[in-house]
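I opened the file and kept a running notebook. The entries below follow the order of my look-ups.

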Amino acid sequence: MKIPRLVIKFALGALVPGAILLVWHFASANSVVVPSVGSVLEVLAHPFRQPTSLDATSLASGAASSIVRVLCGFSLAVLTAIPIGLIMGRWRPAAEALSPTITAAMVISPVAWMPVAIIVFGLTSPATVIYGDDAWRHGMLDGLRLAIVVVVWIGAFVPIAINTASGVRNVRESHLEAARVLGASRLQMLSKVILPGAAPAIVTGLRLGGGIAWRVIIVAEIFPGTRGGLGYMITTAHEQASYEYAFASIIVICAIGLTLDGVHRLAETRIARWRPKER
Amino acid sequence: MKRMLLAFCIMSASLAGCGDNQKAPAKASAPPVSLTVGHVGHDHHLALYVAALEGERFKKDYGIYLNEVKSREVYDLIENGKTHVRLRLLKVGGGSRMPAAMSRGEIEIGLGGTTAIAKFIDSGSPFKIICPLQTDGDMLVMQKDSPVTDWASFVAAAKEGDKPLKIGYKAPVAVAKMVFERALKAENITCGYDAGEGKSQIILVNFGSEKSPIPLMETKAIDGFVMNQPAVALAVHKGLGKVVSELRDLPPKGKWVNHPCCCIAATTDTLQKHPEPVKALLKVIMLSTQLIKDDQHLAIASASRWTKYDQQVEKDSVPTIAYISEPTDTWIVGMKTWAEMMREVNLFKGKYATASPDEFVADVCDLTICRQAAGELRRKKLLK
């Protein structure tokens with residue numbers, strides 16, 4: 001009997017997590033630190049329940065807070081990094097002016113910007129800007145501390161800008177030449193030739209940037225005054241030795257990461273489907 | 001693709017709005033003054049949490065109380081029907097985090113460690129210590145199976161052991177670490193931070209502000225730790241450690257009894273502009289401290305409700321902390337001891353580097369409002 005390909009793929013993919021689960025199960029047997037698999041599943045099964053042994057919001061609320069913060073920082077990065085990457089890719093003086101700064105930023109961990117962001121932005125959030133002292137009434141907006149969003153933005157910005165610039169630079173000259181000969185306007189060149197040509201590299205940048213944004217948010221959520229978010233939950237669970245919440249948060253982060261990666265892969269496949277496959 | 005992204009955004013935004021069992025924000029009109037109060041979130045700051053949780057009791061018994069506007073976050077401070085101030089409570093973290101947040105202007109009033117606050121004031125931060133919160137509550141904990149049972153056997157193990165003992169601490173300016181280091185010096189025990197140097201009898205291991213020593217204890221990466229409650233009670237509750245000595249009992253004999261730990265500080269700007277709201281807050285803290293002393297069951301239950309630590313942990317923790325809200329003579333002496341010690345270990349590099357202990361206390365504290373608040377409460381026979 002032939003085993004379907006999908007089953008084989010799933011079984012192979014489940015090998016490492018299965019092994020981790022097994023090690024975890026045995027490690028938790030004689031430990032007061034490592035929580036049992038059951039206690040973590042219990043937390044995951046009730047995502048909307050307020051933690052009883054942890055000063056934090058519910059798992060679902062924390063996950064949503066983190067997602068929204070990442071989405072804001074990441075969206076800012078997309079809106080700024082892609083145009084800058086396009087300019088760097090097409091206009092040499094811009095590349096020469098910006099490359100050293102972006103390359104330098106690449107080697108600095110985004111988390112290292114946290115103290116700077118805290119000094120610059122303090123507790124400022126969209127809610128404090130709009131509503132002032134009544135910011136607390138707008139929990140969602142108030143949780144969007146600019147310091148956190150900016151650090152996520154820095155993390156995602158660099159790979160997106162670098163990949164966009166590289167993608168634009170690698171658009172085939174023959175394609176540009178052909179478009180020019182056919183009388184394409186600047187806008188048409190950009191929308192019909194440059195952007196589609198650079199799209200696979202841009203999507204790779206988005207994938208990398210998304211991954212970094214997630215890694216950054218977990219650390220950034222130890223920001224003073226934060227009461228929600230998966231990063232906050234992990235830190236607080238460590239402080240209060242309620243490790244089942246830390247493990248549950250890690251699993252949720254993995255699930256969100258896998259989902260996002262799947263979305264990016266799908267986008268990559270769709271965007272690059274016009275490209276001839278290498279033989 | 002677009003639809004997927006849109007659905008994702010909507011899902012995230014709607015999820016963030018739910019899952020909280022907290023009360024919806026009340027639509028009360030805002031008082032004229034609004035102050036942000038930073039705290040750490042553990043039971044050293046129980047006076048604030050009892051006041052926040054027991055608003056109704058305070059209203060009935062004292063006429064001055066915190067009226068909950070948003071649970072754990074926003075409270076109106078009301079005295080005899082007059083709303084003094086809207087307080088926003090902000091968990092900012094321990095060690096230097098609270099005074100750092102205050103120096104950045106993020107909070108106006110802060111509850112935190114005396115030594116960390118003094119260090120910030122020394123380097124020019126414009127705030128004052130306005131009220132003590134508690135003393136003691138710091139302990140030396142060793143592995144449960146360690147042969148060390150008390151301070152004398154700890155000294156013997158450090159001096160005669162084959163290997164140096166590894167003792168964890170949470171922050172370089174943490175009260176517990178400073179007391180412990182000085183006690184080691186008094187016993188002529190050498191300590192260092194590098195396990196490789198081979199000269200020290202004690203290796204001090206920094207496990208990071210407010211991080212739990214529990215994993216390091218379980219993996220036996222450390223032989224013990226010095227820290228404040230409730231971390232001590234938690235390690236005992238988890239079956240990993242045992243209390244060897246309260247730091248108040250360490251040598252030099254009597255020096256650390258009632259050592260000042262946490263206190264309340266406020267920016268000088270706040271003290272000048274809003275003395276009445278600050279006084280009202282101190283009144284609530286004083287009454288709350290009195291309630292903690294009078295009703296230990298309520299104190300333990302409130303500590304567990306706010307910090308979310310197990311009630312058994314708080315049962316072990318709360319009775320070991322001496323809650324105070326007025327500057328006693330021993331507290332003042334303790335402050336002078338800090339001044340001497342911080343200068344000796346070069347923690348003061350600013351205005352207190354050459355100041356005498358008396359000059360230090362006179363400058364670092366502004367206890368005027370605290371004394372006024374206590375006087376007014378006593379005149380009304382609300383405070384013993």
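**Entry: Arg72**

In which loop does Arg72(B) have its place? I traced the backbone and found Arg72(B) in the loop between E2 and E3 of chain B. This is a predicted model, and I read every value below as computed from it. I checked the torsion next. Phi of Arg72(B) is near 70°, positive in a residue that is not glycine. Then I counted neighbours. Arg72(B) has 17 C-beta neighbours inside 10 Å, so it counts as partly exposed; the buried class begins at 20.

**Entry: the strands around that loop**

I followed the two strands on either side. E2(B) and strand E3 (residues 74-79) of chain B run antiparallel and are joined by six bridges. I picked out one pair: Ile64(B) stands opposite Glu79(B) in E3(B).

Then I looked at the sheet they belong to. It is open, has seven strands, and is ordered E2-E3-E4-E1-E5-E14-E6 in chain B, with mixed pairing. Its edges are strand E2 (64-70) and strand E6 (127-132) of chain B, each paired on one side only. I also noted the twist: neighbouring strands are turned by 30° against each other on average, direction ignored.

**Entry: a second positive phi**

I searched for another case like Arg72. Asn258(B) has a positive phi of about 55° and is not a glycine. I placed Asn258(B) in the loop between E13 and E14 of chain B. Asn258(B) has 19 other C-beta atoms within 10 Å, so it is partly exposed.

**Entry: cis peptides**

I stayed in that loop for the omega check. Pro252(B) lies between E13 and strand E14 (262-267) of chain B. The bond joining Pro251(B) and Pro252(B) is cis, with omega about -5°. I noted another cis bond from Gln229(B) to Pro230(B), with omega near 5°. Pro230(B) sits in the loop between E12 and helix H9 (231-237) of chain B.

**Entry: the six-stranded sheet**

I moved on to another open sheet in chain B. Its six strands are ordered E10-E11-E9-E12-E8-E13, and the pairing is mixed. Why is one side of strand E10 and of strand E13 of chain B left without a neighbour in the sheet? Strand E10 (191-192) and strand E13 (241-246) of chain B stand at the edges with a single partner strand each, so one side of each has no neighbour there.

I checked the E13 edge. Strand E8 (residues 138-143) of chain B pairs with E13(B) over five bridges, in the antiparallel sense. Leu140(B) is opposite Ser245(B) in E13(B).

I then looked for helices against this sheet. Helix H6 (residues 151-160) of chain B packs on it, touching E8, strand E9 (165-169), strand E11 (202-206) and E13 of chain B. The direction of H6 makes about 105° with that of E13(B). Helix H7 (residues 175-186) of chain B lies across E8, E9, E10, E11 and strand E12 (224-228) of chain B. H7 runs at about 130° to E12(B).

**Entry: domains of chain B**

I pulled the domain split. Domain 1 of chain B covers 31-136 + 261-379, and domain 2 covers 138-249. Their centres, taken over C-alpha atoms, are 28 Å apart. The contact takes 27 residues from domain 1 and 19 residues from domain 2. On the domain 1 side, helix H5 (114-122) and helix H13 (311-317) of chain B each supply at least two residues. H13(B) gives the most, with five residues. By class, that side has seven nonpolar, 13 polar and seven charged residues.

**Entry: chain A and the interface**

I turned to chain A. It has twelve helices and zero strands. Of its 279 residues, 42% count as buried.

Where do the chains meet? The contact takes 37 residues from chain A and 43 residues from chain B. Helix H3 (59-90), helix H11 (230-239) and helix H12 (243-271) of chain A each supply at least two residues of the chain A side. H3(A) gives the most, with eight residues. That side has 19 nonpolar, eleven polar and seven charged residues.

**Entry: confidence**

I finished with the scores. The model has ipTM 0.75 and pTM 0.83. Chain B averages a pLDDT of 88, and 91% of its residues score at least 70. Among the elements of chain B, helix H1 (residues 2-17) has the lowest mean pLDDT, 45, and helix H2 (residues 46-53) the highest, 97. Over residues 4-26 of chain B the pLDDT is below 50. Where pLDDT is low, the predicted coordinates should not be read in detail.

Technical notes. Residues are numbered from 1 along each chain as its sequence is written. Chains are lettered from A and ligands numbered from 1 in the order in which they are written. This is a predicted model: local features need pLDDT of at least 70, side-chain atom pairs count only at pLDDT 80 or more; totals for chains, interfaces and linings use all residues. Two residues are in contact if their C-beta atoms, placed from the backbone, lie within 7 Å. Helices (H or I, at least four residues) and strands (E, at least two) are DSSP runs, numbered from the N terminus. Ala, Val, Leu, Ile, Met, Phe, Trp, Tyr, Cys and Pro count as nonpolar, Asp, Glu, Lys and Arg as charged, and the others, Gly among them, as polar. A residue is buried if 20 or more other C-beta atoms lie within 10 Å of its own, exposed if 12 or fewer, and partly exposed in between; C-beta atoms are placed from the backbone. pLDDT is the predictor's confidence in each residue, from 0 to 100. Two strands pair if DSSP finds at least two bridges between them. Axes are lines fitted to C-alpha atoms, for helices over the stretch in contact, and angles run from 0 to 180 degrees between N-to-C directions. Domain bounds come from an automatic or database domain assignment.
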